[in-house]
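Colleague: Please take me through this one. I will ask, and you explain.

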Amino acid sequence: MTKQILAKEHGADSVFMRDAFCTALMELAEKDERIVLLDADLMGAMGTKPFQKRYPSRTVDCGVQEANMIGVACGLAVQGKIPFAHTFAPFCTRRACDQIFISGAYNHANVKVIGSDPGITAAYNGGTHMPFEDMGIMRGIPGVTVVEPADIVMLRSLLPQIAEMDGLVYMRLVRKEVKKIYEDGSTFKLGEAAVLSEGRDVTIIASGFCVSEALSATSLLEAQGISAGVIDMFTWKPIDEAAILRAVETTGAIVTAENHNIMHGLGCAVSEVLTKRCPAPLEMVGVQDEFGEVGPVSYLRERYGLTDTAIVQAALRAIARKA
């Protein structure tokens, strides 16, 4: 039984997500000696050096060789280990895609791939390092579970499930500051969306930092007399079809919000469900088939329209289409 309690304030968490990831992984490794960590010369950036210090024989820094890192991870998986392999999201999903596809998914390898700095959170690393397509690439590979935790509380709940399940998982992860969405003690289940509020007029299905933008948008919509529900669709694959269908039956209109290209992203995943099962107006808030650019997250959020006001405008369009 899962339990989600929304935080009273959605300000920045006092802990960076990378630090919470490292701590949680060390706790899992203490209980299960099969867990190993691999990285592609980014352990300092990802904050995983404490893991290396505690478990030096279970840590492999492969250097700037992302494809090789995935190959090593898959080899370790064949030997019964549970490898967590990290690098920046564009490098593990674009550069090492073939290794993930063949050595990993095709081989049914039990590998957990962690891609950090998703979407605009790559910030000053710019367009070359800004993955707007990572989740879509992984969603297109058979058998891969695709996940994006919204905050640290959710990460702590999901990581043990990811370690325990048998199969290839891709999880995109913000490295640094994230807003606190859930109170401590909240629990989540892979593949089961978190319904944060019920609405009458429209449902916003969001992921990652767009969840906090969606919650803010509901307040703006309420001021206009519009009732909006919010769903945190943290598992993109397998997607929670039942939650989508319940939302459509209740509100008749959907808005998706994602820190990702709307092409082959969360909006497309939701549209596939609607097209097959229950056609309804759908508006997508996300990157409109563009490359990334350099800048602070605050600027990039406005630049690519990943804001509460953009979600409000999309909701108004979706509601108008119901008529």
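**Strand pairing, sheet by sheet**

Colleague: Which residue in β10 is the bridge partner of Val 146?

Modeller: This is a predicted model: local features need pLDDT of at least 70, side-chain atom pairs need 80 or more, and totals for chains, interfaces and linings use all residues. Numbering starts from 1 along each chain as its sequence is written, and side-chain values use heavy atoms, without hydrogens or water. Two bridges join β5 to β10, and the two run antiparallel (strands pair if DSSP finds at least two bridges). Within β10, the bridge partner of Val 146 is Lys 237.

Colleague: Is Thr 145 buried or exposed?

Modeller: Thr 145 sits in strand β5, residues 145-147 (strands are DSSP runs of E, at least two residues, and helices runs of H or I, at least four, all numbered from the N terminus). Leaving out residues up to four places away in sequence, Thr 145 touches Met 165, Leu 168, Val 169, Tyr 170, Thr 235, Lys 237 and Pro 238 (contact: heavy atoms within 4.5 Å). Its relative accessible area is 9% (under 20% is buried, over 50% exposed, in between partly exposed; 1.4 Å probe, protein chains only), so Thr 145 is buried.

Colleague: Which strands stand at the edges of the seven-stranded sheet?

Modeller: The seven-stranded sheet is open, with mixed pairing and the order β2-β1-β3-β4-β6-β5-β10. Pairing on one side only marks the edge strands, β2 (59-61) and β10 (235-237).

Colleague: By how much are neighbouring strands of that seven-stranded sheet turned against each other on average?

Modeller: Take the open order β2-β1-β3-β4-β6-β5-β10 again. With direction ignored, neighbouring strands are turned on average by 20°.

Colleague: How many residues of β3 are buried?

Modeller: Five bridges join β1 to β3 in parallel, with Ile 82 of β3 as the bridge partner of Ile 35. β3 also pairs with β4 over five bridges, again parallel. β3 is mostly covered, and its buried residues number seven of seven.

Colleague: At about what angle does helix α4 run to β3?

Modeller: α4 spans residues 66-78. It lies across β1 (35-39), β3 (82-88) and β4 (112-116). Its angle to β3 (lines fitted to C-alpha atoms, for helices over the stretch in contact; 0 to 180 degrees between N-to-C directions) is about 170°.

Colleague: Which residue in β4 is the bridge partner of Phe 88?

Modeller: β3 and β4 run parallel and share five bridges. For Phe 88, the partner in β4 is Ser 116.

Colleague: Why is one side of β7 and of β12 left without a neighbour in the sheet?

Modeller: The five-stranded sheet is open and mixed, in the order β7-β9-β8-β11-β12. β7 (194-197) and β12 (282-287) stand at its edges, so one side of each lacks a neighbour: each has a single partner strand.

Colleague: In β9, which residue is the bridge partner of Ser 197?

Modeller: β7 and β9 (residues 228-232) run antiparallel, joined by three bridges. In β9, Ser 197 is partnered by Val 230.

Colleague: Which strands does helix α13 touch?

Modeller: Start with helix α9, residues 210-222: it lies across β7, β8 (202-206), β9 and β11 (254-261), at about 160° to β8. Helix α13, residues 308-322, packs on the sheet too, its direction making about 160° with that of β12. The strands α13 touches are β8, β11 and β12.
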